[in-house]
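Colleague: I'd like a close look at one part of this structure. Please start there and then work outwards.

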Amino acid sequence: MPTVIKDGAILARDRWTVLREATGPEVLQAVPGRSFVLPLAFWLNFRAQLEEYPGERGIWLDSHQTPEPIAADLAEFAVIGLNFPVFADGRSYSNARELRERYRFEGEIRAIGDVMRDQLYYMSRCGFNSFALRHDQDAETCLRAFTDFSTGYQSSVDEPLPLFRRRGGVRRK
Amino acid sequence: MYVYDEYDHRMLAERVAQFRDQTARYVAGKLSDAEFLPLRLQNGLYIQRLAPMLRVAIPYGLLSSRQIRKLAFIARHFDKGYGHLTTRQNIQFNWPELAEAPDILAHLAEVEMHAIQTSGNCIRNVTTDHYAGVAADEVEDSRPWCELIRQWSTFHPEFAHLPRKFKIAVCGTPADQAATQVHDIGVYLIRAESGEVFFRILAGGGLGRTPVIGQVVFNHVEKQDLLTALEAIMRVYNREGRRDNKYKARIKILVRETGVEKFREKVHAEWERIRGSALTLTDAEIERCKSFFIDPDYVKRLNGSDVLVEKLRDDPEFARWHRRNVRPHKQPGYGIVTISLKQTGVAPGDITDGQLEFIADLTDKYSFGEARVSHKQNIILADVEQRRLYDLWRELSTQSLQTPALGLLTDIICCPGGDFCALANAKSIPVAEEIQRFFDDAAELEDIGDLQVNISGCMNACGHHHVGNIGILGVDKRGEEFYQISIGGSSAREASLAKILGPSFARDEVPGVMRTLVDVYQAEKRQDESFLNTYRRIGHEPFRQAVYADSH
């Protein structure tokens, strides 16, 4: 199980299991007491059968996928995982912003995959509020990443007003 | 120029601290090479052939004398006493120590400079026409818009891991000296017949392996919508740009593979969603940014041109320099002066610590304490009184900085090439020097007139060879350096890509080929027609035939 930082704190226990493969709905009863983050294909393929498995659930999108196919279903998910196959793949940053800003998703958005200390600040700016750290990451060190910068120029999820709307238009002369 | 406030200062200091920590973790083995790579690149640090190279941003080319002195200090204390101006309004230091990079960045921060996003797969330093704000025929000063884009793109959290590097140029002059159309995004300021000024935005231009001229994605964008329009393009590119092949990852390939119509639809659909959001520029912010770029205190009704007329008459060397290196200024009584960094025997764009300090003093004395660097690798003093041009020229002469080469065949754009760069297939600096030595008669050069020669040491095209009137590309043929020559390129408003002449040449043949090309031009030209216009009139064939005549 990866260490998870959520809302700025290290979780003592994380109830979510990320299913990497879209096997079949029967796996959902495999571990009582655990909740699952399903791959997109799982949701799309087995949605009708999922009613037999009550309880909260999540979904995860790979970096080449977009939230559009689940736009009408977002209320079904407590958590949406966004995958980083490699840390240099930046597509999930756009997905996070779109989930927050366009679809107004207010649940947990979790970074999964190749998640390292040096990405966490930008991720948090784009709307991620939870982070499943890569196994070799030191969680205490990672906590410091969120204060790498005190503010940013852009409008983003954590600060919807760009700096120019907060500066107050002070002129030089 | 723009002056940092407490926010800018604080974020820059935080960046320096962040990179210091990252470098320490890398040195301690806690970050792998692969993990440190994008971090150091986005702080301007390459690992080069001989040593690390630090690329420092000069946002839209503007420098204060204080900043120039700091660059001199860095060249002296952390390098071998010189720096190199690049083709994207940056300055590179070729010999710093990796461990000292955070210290250099701290020094730069003292004078509101940095190396942020000067490399890596992110939005790079925004560039513009180096005559911005002083050109007589300008639509509007592009610098405030560049500053707005600089701030928006700096530390942009969504676009730090793009498929590939991303370059934006802004241009407000009809001539276009910013190579706007060969940028990933090119922004033009356009004046409508009503007098209103708006933006036209191109995307998908670029050089490198696949040279492309950008296409219009937004025909008409109101000023307040600039950043939302840019953000819409970036989001589509971040999502859909190819990540499976780094040679197909630039936005130009996405535009081509998607088709410009479809790409435009996607961008506009995205734009409709974010247009009018908080990112929409406010009048107050536009005014604030413009307030940093107001005219200096020009002397009105200057009556000093008698001095100039007399010196132009009496001193032919000065007159030649004046004809080439001084351009019309919007303010009567002033001129725009280019200090050429193309003297023979010096790598194009190279400048020593002593020259930097010397130029810093000149900017204070002659040009309100500010200078610009151009993508053509020269330095510009933008606001010099005409009556003082002669004094300035005399001072430049004491440091061999009076080369009257602006726009001439010897004003060569040249990448560092195989002497420094790990990517290069061939050397480029010695080729530039050989051409300069071959064409060493100032009167003849002036007679040949405007002729842009661009040299790249590999197909990554940092020397912009695709848009040279004559472009020279270094290629490797079974371990030997050869040079492929193209003609007819231009990065100006009527941009065009150069066409390859034919089989490549050994290095010692290049000056002779140049001579043949010039001979064809001079035989064919009509009146004052430039090389480029002659080429456009008579076409490729006469040049090709003349060059390859001997070998058939």
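Which strands does helix 5 (residues 143-153) of chain B lie across, and at about what angle does helix 5 of chain B run to strand 7 of chain B?

Modeller: A caution before the answer: this is a predicted model. Helix 5 of chain B lies across strand 6 and strand 7 of chain B. Its angle to strand 7 of chain B is about 160 degrees. Angles over 145 degrees count as roughly antiparallel, so helix 5 of chain B is roughly antiparallel to strand 7 of chain B.

Now the strands under discussion. Strand 6 of chain B and strand 7 of chain B run parallel, joined by two bridges. Across that pairing, B:T128 stands opposite B:V170 of strand 7 of chain B. Both strands belong to an open sheet of five, ordered 6-7-8-9-10 in chain B. Pairing in this sheet is mixed. The edges are strand 6 (127-128) and strand 10 (215-221) of chain B. Each has a single partner strand, so one side of each has no neighbour in the sheet. Strands in a sheet pair through backbone hydrogen bonds, in parallel or antiparallel fashion.

Stay with this sheet for its loop. Between strand 7 (168-171) and strand 8 (185-191) of chain B, the loop holds B:D176. B:D176 is not a glycine, yet its phi is positive, near 65 degrees. Is B:D176 buried or exposed? The cut-off for buried is 20 or more other C-beta atoms within 10 Å. B:D176 has 20, so it counts as buried.

B:H464 gives a second case of positive phi. Its phi is about 55 degrees, and it is not a glycine either. B:H464 sits in the loop that links strand 17 (453-456) to strand 18 (470-477) of chain B. With 26 other C-beta atoms within 10 Å, B:H464 is buried.

Chain B also has another open sheet. Its five strands follow the order 1-2-5-4-13, and the pairing is antiparallel. Strand 1 (45-47) and strand 13 (350-352) of chain B are the edge strands, each pairing on one side only. From one strand to the next, the twist averages 30 degrees. At the strand 13 edge, three bridges link strand 13 of chain B to strand 4 (residues 82-85) of chain B. The two strands run antiparallel. B:G83 has B:I351 of strand 13 of chain B as its bridge partner. A helix lies across this pair as well: helix 12 (residues 353-366) of chain B covers strand 4 and strand 13 of chain B. Helix 12 of chain B runs at about 80 degrees to strand 13 of chain B. Angles of 65 to 115 degrees count as roughly perpendicular, so helix 12 of chain B is roughly perpendicular to strand 13 of chain B.

At the strand 1 edge, look at B:Q42. B:Q42 lies in the loop between helix 2 (33-41) and strand 1 of chain B. B:Q42 is buried, with 22 other C-beta atoms within 10 Å. Beyond its neighbours within four places in sequence, B:Q42 contacts B:I116, B:Q117, B:G120, B:C122 and B:A160. The C-alpha atoms of B:Q42 and B:I123 are 9.5 Å apart, with their positions 81 residues apart along the chain.

Next, the helices. Helix 11 (residues 316-325) of chain B has buried residues B:F318, B:W321, B:H322, B:R324 and B:N325. They pack against several elements of chain B, among them helix 10 (305-314), strand 11 (326-328) and strand 12 (334-339). Helix 13 (389-397) and helix 15 (442-448) of chain B are also packed against.

Helix 14 (residues 429-438) and helix 16 (residues 510-524) of chain B form a packed pair, at an angle of about 50 degrees with axes 9 Å apart. The two are therefore oblique to each other. The crossing is right-handed. From helix 14 of chain B come B:V431, B:E434, B:I435 and B:F438, meeting B:V510, B:P511 and B:M514 of helix 16 of chain B. This contact has six nonpolar residues, no polar ones and one charged.

Last, the partner chain. The contact involves 34 residues of chain A and 35 residues of chain B. On the chain A side, helix 2 (91-102), helix 3 (120-125) and helix 5 (163-166) of chain A each give two or more residues. Helix 2 of chain A gives the most, with five. By class, that side of chain A has 13 nonpolar, nine polar and twelve charged residues.

Technical notes
Residues numbered from 1 in each chain as written. Chains lettered and ligands numbered in written order. Predicted model: local features only at pLDDT ≥ 70, side-chain atom pairs only at ≥ 80, totals over all residues. Pairing = 2+ DSSP bridges. Helix = DSSP H or I, 4+ residues; strand = E, 2+ residues; numbered from the N terminus. Axes fitted to C-alpha atoms, helices over the stretch in contact; angles between N-to-C directions. Contact = placed C-beta atoms within 7 Å. Parallel < 35°, antiparallel > 145°, perpendicular 65-115°, else oblique. Left-handed = near helix turned anticlockwise from the far one by under 90°. Nonpolar A, V, L, I, M, F, W, Y, C, P; charged D, E, K, R; others polar. Buried ≥ 20, exposed ≤ 12 C-beta atoms within 10 Å, placed from the backbone.
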